[in-house]
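Got the model open? Let's take a quick walk through it, starting with a helix and then moving on to a sheet and a couple of residues.

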Amino acid sequence: MIPLFLDIDGVLCPDKDTGDRDDPVTFLRETHVIAVGQFVTLFGLHVVISSTWREYLSAAKIQECLRAKGFGNDVFDTTPILKFNYDGWGSGTRQEPRGVEIGLWLIQHPEVTNLVILDDLQESEFYPLGRHLVKVNPHLGVGLNHLRYAAKVLKRPLDRDGLRKKLGR
């Protein structure tokens, strides 16, 4: 199995403030959604949502939103949401870097051999998986150049032993 870890804001929604807060579909740019959907179909990928959208929408609702904009694929899963309390300059909650959440998902799925991550966050957020990241400009969203590069990234095998060591698992 080869997953595509998909962020939404900045990738499929390049203009975050152009939608209706009560209707998440209005944030999605149809051309971007269709292009990613075609890429998923072409390479037989499994879509795993790593976006913050998973914090307030179910995988089924995210799939419904994507389908409304022409996405013909299923959402396979979502990554875990890892938050912890800390006692720094006050009490609060902090989320683990997205790479840790993706890494833990990968550890739970030994059938994964390769992967690609489409996201607008900085590479440092994806340690130890930065070599699988296709960084998207959040002001423009995903384009054909990103998908061409993603096709090359898919050829990079997952270093499962290195991942376990770096995550301490």
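In helix α2, which spans residues 59–68, the buried residues are I62, Q63, C65 and L66. Look down the axis of α2 and those buried residues fall within an arc of 160°, so they line one face of the helix. Keep in mind that this is a predicted model.

**More on helix α2**

- Swing round to the other side of α2 and you'll find A60 and A68, which are exposed.
- So what covers the buried residues of α2? The cover includes α1 (30–43), β2 (46–49) and β3 (75–78).
- After α2 comes G70, and its phi is positive, near 100°.

**The sheet**

- Five strands make up an open sheet with parallel pairing, and their order is β3-β2-β1-β6-β7.
- Which strands stand at the edges? They are β3 and β7 (133–135), and each has a single partner strand, so one side of each is left without a neighbour in the sheet.
- Neighbouring strands of this sheet are turned against each other by 25° on average, if you ignore direction.
- Zoom in on β2 and β3, and you'll see them pair in the parallel sense over three bridges.
- In that part of the sheet, V47 stands opposite V75, a residue of β3.
- Helix α4 (residues 144–153) packs on the sheet, where it touches β6 and β7. The direction of α4 makes about 165° with that of β7.

**Residue D119**

- You'll find D119 in strand β6, which covers residues 116–119.
- Is D119 buried or exposed? D119 is buried, and its relative accessible area is 0%. The cut-off for buried is under 20%, so D119 qualifies.
- Leaving aside residues up to four places away in sequence, D119 touches D7, V11, S50, R98, F126, L133, V134, K135 and V136.

**Residue H32**

- H32 has its place in helix α1.
- With a relative accessible area of 9%, H32 is buried too. That value falls under the 20% cut-off, so the label fits.
- What does H32 touch, not counting residues up to four places away in sequence? Its contacts are V11, L12, P14, L140, G141 and V142.
- Try selecting V11 in your viewer: D119 touches V11, and H32 touches V11 as well.

Definitions and conventions: Residues numbered from 1 in each chain as written. Predicted model: local features only at pLDDT ≥ 70, side-chain atom pairs only at ≥ 80, totals over all residues. Heavy atoms only, no water. Helix = DSSP H or I, 4+ residues; strand = E, 2+ residues; numbered from the N terminus. Buried < 20%, exposed > 50% of the residue type's maximum accessible area, 1.4 Å probe, protein only. Contact = heavy atoms within 4.5 Å. Arc of directions from axis to C-beta. Pairing = 2+ DSSP bridges. Axes fitted to C-alpha atoms, helices over the stretch in contact; angles between N-to-C directions.
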